[in-house]
Each structure stands twice: as C-alpha cells, then as structure tokens.
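Take a guided walk through this structure. Keep the sequence at hand and follow each stop in turn.

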Amino acid sequence: MLRELGPLLSYMRRYRWGYLWGTLACIATNVAAVQGPQILRKVVDELERGVSRERIVFLACIFVGIYLIKGVFLYAQRWILIGISREIEFDLRNDLFRQLERQDANFYQKYRTGDVMARMTNDLNAVRMLLGPALMYSANTIFFTVGALYFLLRISPWLTLVAWAPMPLASILVQYFGRKIHDRFEKIQESFSEISSQAQENYSGARLVRAFGREQSQMSLFEKLNRQYITRAQGLVQLMGMLWPTLEFILGIAMIITLLVGGHEVIAHRISPGDFVAFNTYMILLIWPIIAVGWVVNLFQRGTASIARIDELLRAKPGIDDSAADPAIPADAVLRGEIEFCHLNFSYGDTPVLRDISLKIPAGSSLAIVGPTGSGKTTLVNLISRLYEAPEGALLIDGRPIRKYPLEVLRRNMGIVPQETFLFSETIRENLAFGVPSTSTEELLEAAEAAHIRREFEEFPQRFETTVGERGMTLSGGQKQRLAIARALLRRPVILALDDALASVDTYTEERILGGLRNYSATATTILISHRVSTVRNADQIAVLDRGRIVEVGRHDELLALDGYYASLYQKQQLEEELTVAG
C-alpha cells in the first residue's frame, strides 16, 4: 500500500500529528465498540442466574456510556481524518496549478486542456476519497476486527475457527476484484478526460461550430464518447455489484455456522448463553466492516489509479526553466533591451522553422518583421520571451545569453501582444491591469489613450467596470486588440513585441495607435510583426523572412530599392488602396 501511496507520502507527512491523533481516536472508538457485546454477555448470564433491577439499570447505564464514548471518538476521528484529506486535496490542487503554470508551450501540445481539467477535478476527488474515507474505514475495520477476534477467541477458539473458515475465500475475492476495479477505473478516467476535452473545445469554439453548422456532428461525437464512458462505468458497477453480494453471502455462511455450532456448544454447556449472545453480536457487528472492505477496495483502486495520473503531471519537468540562470542577476534587474540573434536555427520537432538567423536590434530601436504566412515571424518573438527555447548561445539580450536571465526577470521586462488576443471573463479594468495589478487609474487611462481605446471604453454604460464576457466576446476584434496593446504598454516594458496586433483595426486607427506607441514607449526596444507596409514603414529596421531565412533587411527606402519581396508587397498594397479609393 505504501508503494501506491508513495507520491503522496510527502503530503501525508505534513499532517503526521493529525494522523496520529486521528488514529488514537480510531483506536478509542473501537475499544469502546468491542466492549458493548461484553456488557450484553454479563446481562444475559446474570439474568439467567437471577439479578436485581438495580444491577440491570447499572449495566444499562454502562452500556449507554460506552456508546456515548464511542460516538464522541467517532466524531473526532471523522473530523480529523476527513479534514486531513481535504487539506491534502487543497495542497495537491495548489501544487498542480503551480506546476501547470510553470510548464512551457510543448506541455500543452502533449496534454489537452480537458484532460488536465479532468485530472484536477475527478482524479483529485478520487485521491481525497482514498486519503479520507478509505483510510478511515480501513483503520476501523482492522482495529475492530482485531479487538473482536480477541474476545471471540476468549469465548471459544473452536467456534471462532469454524465461524471464520470462509473468510480466506473473502480475501481471495477482494484481491481478484481489486485488480479488475483498478484496470476498469483507469479506462473510465481516460474516457472522462476525452469527454472533458471534447466539451471544452466545443465550448471554446461555440461560434465556429455554429458558423459551420456542425452542431449535429459534434453532438453525435460527444454522444459516442459519452456512451463509451457510460459503458465502462457500467462495467465497474457490474463488478462492484458482484463483489458486495458475494461478500454478504460468505458472511451469511459464517453466521449460519455460528448459529449451528454455537447452539450446539451452548447445549453441551461448553459456553454460556451470554457467551453465545456476545459471540453472535460480534459476528453481526463484523458484517459491516467486512462488507465495507469491498467499498474500501473500490475507493483504494480508484485512488491509486488517480494518483498515477496526478503524479504524471507533478513529475512533468518544464522544458524551460531557470537551471542555467545567473544567480547574480537581481530579481528587480532592468534590462537595456539590446537583442542579438547569432546564426540561430530552430525546429519544431523535425520541422525546421528558422534557419541561420543573424540580426542585431539595438536597445531602444524598432524592428519590423514581414514575410509570408509560415515564415517564422511569430516563432522569432516567442524565442525572445522564451516561450520556446532557443539553442544555447544563439540569442543574446544585452550581450548575455538569454538563458542566463531568470524567467521572472526576462518576462517582467517584456510586453507581448500575441496574434490571438486572450481576455479573461472579468472587467475591462481587470484585464488592462492584469500585468500590473497595483496600477493607478491615471496610468491605466494613459495606456488606454496610447492604444486609442480610452474614449470607446468610457462610452460604455459601466465604463472600465464593464465585464467583457468569455474571451472578451462583448468586444469587437479591434477593441480586443487595442485592449491587449494597452495591457502590454501598462507594464512600461523594456522590450515591446506586437505580433500582428493591428490586423483588426483600420489604417486611420492604426496610424493613431502607432503614434501613441512612439510617444508612450519611446525608449523601448519595439518589435512589430505585420503584413501591412503602413505599419512597418517607419521602423528603424525591417527584416523580411521567407521560409525561415532573412532574405532582406534594411529601412523602408532601402528595401524598396532592392525591388524584392518587400517592394512587391508595397506595390500590391498601394494598388489595393488605389482600387479601394476608386471604388
């Protein structure tokens, strides 16, 4: 059992004193419980010999007192042991969330969101049931069985041996069914993860599903997964349905043996009627603990299957960490913002994305990156923020390898506006202040003004206290992008990266935003990714990426003179604008 609980032993050690007091309460509960039949034995034997009313009242009071004591300690053990299971659940959930927050992007390509959510809910609940009710009922069964067996042997070793003869069969059945339950519950959890993933993707992509009219096909797929889950769950129920009646049947045989053999022993005067009553009472009281073994086995096998799934997440090492960071760099270090790529090559698995990238971006300057879709523009920005890991020595910040900077220092000095804008289901104010929770209202308004969004938000009925809804569904695409820009600006970043962050706004708004950026973050090293020449033409440098290589680099006029990709892109967009005006 300790081997299966191995991943949780460190959590259990934190509450060792609680487990000690809970165990003592459990022992006290069962010490009181095994005394009850002894009082019944005295009552029956003294009634047979003749006893006064006062004696009966006295024994009845003792009987009531014993079960009152049992009730007090039963409450104590449940409060302590079940409480500890809740505390460990709390610790595990926090550690899991902390672990998930540390993971790099590759982790979330391996584990689907629904699968992770299933492990943090369903599996955590199974672990809690193992550490709480399963351990508590196991301890109660062991202590009561040991105590009852002691008194049974004192009453009649022969009767005890005969009555307990069927018990080895119960042990064999429990072991057999336990293995089956473990295997089936693992499959059930896998099915639950698939259902959770399917549901999560459909909830997130509800608009897309409706837009393409795929509601029926998605419902059919979900029904198929749900049917698979129910079929596997019913298989487990069937198994449990076989275990409990089988245990009850074995206990029934033991009771029949007790009545037949015990009655003969009374007739032969080898045991007294009081002994016979006490023996049968112990056997009756043992029915629930032994039947509970089936339930405990179910909880134990569910719990151990879930422990393995949770431990898999807890053991997952982040692909990007601070193992190579220089401890001499203080936590509040401020970077200058110089970025240099030195013959950088990068691949996603076996797929090359960037090839021999060499480029230097002076601190406080601006770099614009253009190129066809899939040329590696976004990957370049993701390497700077270490969402993906660049090869050793291929990327320098302020002349130092990027891995030397602690992640917290590096990312605190950066402001990122990704291609896909994500907003939390909170207010506009809370989304704006996400990166700087302690920001003042004046700073917030200033950043919103720079992103050319302040006036629109102030026209909302609740102004900046307006809730944006799931993923910002109440805002337009342009409003979401400008909110994301303001959120990044509010951090006063040393390095500001905008990944096609102006794609959803018109050229007039774009010009206003770019002007606001130049005024608000004049000293920041700015990286602009865009397909619009109007966005990048004023950058200090413009790099053209094609198939992962830098094929052109220079200022706007210099690239036009080269008459390459950039010049072609400029001419096409000029023609589009002329056609738009003419139309």
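β1 and β4 pair in the antiparallel sense, over three bridges. This is a predicted model. One contact point of the pairing is easy to find: F341 has L395 as its bridge partner in β4. F341 also has a bridge partner in β2, namely L359.

That second partner leads to the next pairing. β1 and β2 are antiparallel too, and seven bridges join them. The two strands form a hairpin. Two residues lie between them. Look at G349 in the turn: its phi is positive, about 65 degrees.

Now go to the other side of the sheet. β4 covers residues 395–397. It pairs with β5 in the antiparallel sense, over two bridges. Here L396 has P401 of β5 as its bridge partner.

Put the pairs together. What is the order of the strands in the open sheet? It runs β2-β1-β4-β5, four strands with antiparallel pairing. The edge strands are β2, residues 351–361, and β5, residues 400–401. Each of these two pairs on one side only. A helix packs on this sheet as well: α12, residues 377–384. It touches β1 (339–348), β2 and β4. The direction of α12 makes about 115 degrees with that of β1.

A general point helps when viewing any sheet. In a regular strand, side chains alternate between the two faces of the sheet.

Leave the sheet and turn to helix α11, which spans residues 273–315. S306 lies in this helix. Is S306 buried or exposed? It counts as buried, because its relative accessibility is 0%, and the cut-off for buried is under 20%. Which residues does S306 touch, leaving aside those up to four places away in sequence? They are D123, A126, V127, F185 and Q189. Take D123 as an example. S306 and D123 are 183 residues apart along the chain. Yet their C-alpha atoms are separated by 4.9 Å.

Next, look at the surface. A nonpolar patch of about 890 Å² is found there. Its residues are W17, L20, W21, L24, I27, V31, I142, F143 and V146. Two elements give two or more residues each to this patch: α3 (16–49) and α6 (113–155). The largest share, six residues, comes from α3. W17 is in helix α3. It has a relative accessible area of 59%, so W17 is exposed; the cut-off for exposed is over 50%.

Two loops complete the tour. One joins α10 (215–267) to α11, and H269 sits in it. H269 is not a glycine, but its phi is positive, near 60 degrees. Its relative accessible area is 71%, so H269 is exposed.

The other loop lies between α17 (477–489) and β7 (495–499), and it holds R492. Phi of R492 is also positive, about 50 degrees, although R492 is not a glycine. Is R492 buried, partly exposed or exposed? It counts as partly exposed, because its relative accessibility is 47%. That class lies between the cut-offs of 20% and 50%.

Return to F341 for a last look. In β2 its bridge partner is L359, and in β4 its bridge partner is L395. Start from F341 to trace the order β2-β1-β4-β5 on your own.

Conventions:
Residues are numbered from 1 along each chain as its sequence is written. This is a predicted model: local features need pLDDT of at least 70, side-chain atom pairs count only at pLDDT 80 or more; totals for chains, interfaces and linings use all residues. Side-chain values use heavy atoms; hydrogens and water are left out. Patches are made of residues with over 30% relative accessible area and no salt bridge: like charges are joined within 9 Å, nonpolar side chains (Val, Leu, Ile, Met, Phe, Trp, Tyr) within 5 Å. Accessible areas come from the Shrake-Rupley method with a 1.4 Å probe; for residues, only the protein chains shown count as cover. A salt bridge is a side-chain nitrogen of Lys or Arg within 4 Å of a carboxyl oxygen of Asp or Glu. Buried means under 20% relative accessible area, exposed over 50%, partly exposed in between (1.4 Å probe, protein chains only). Two strands pair if DSSP finds at least two bridges between them. Contact means heavy atoms within 4.5 Å. Axes are lines fitted to C-alpha atoms, for helices over the stretch in contact, and angles run from 0 to 180 degrees between N-to-C directions.
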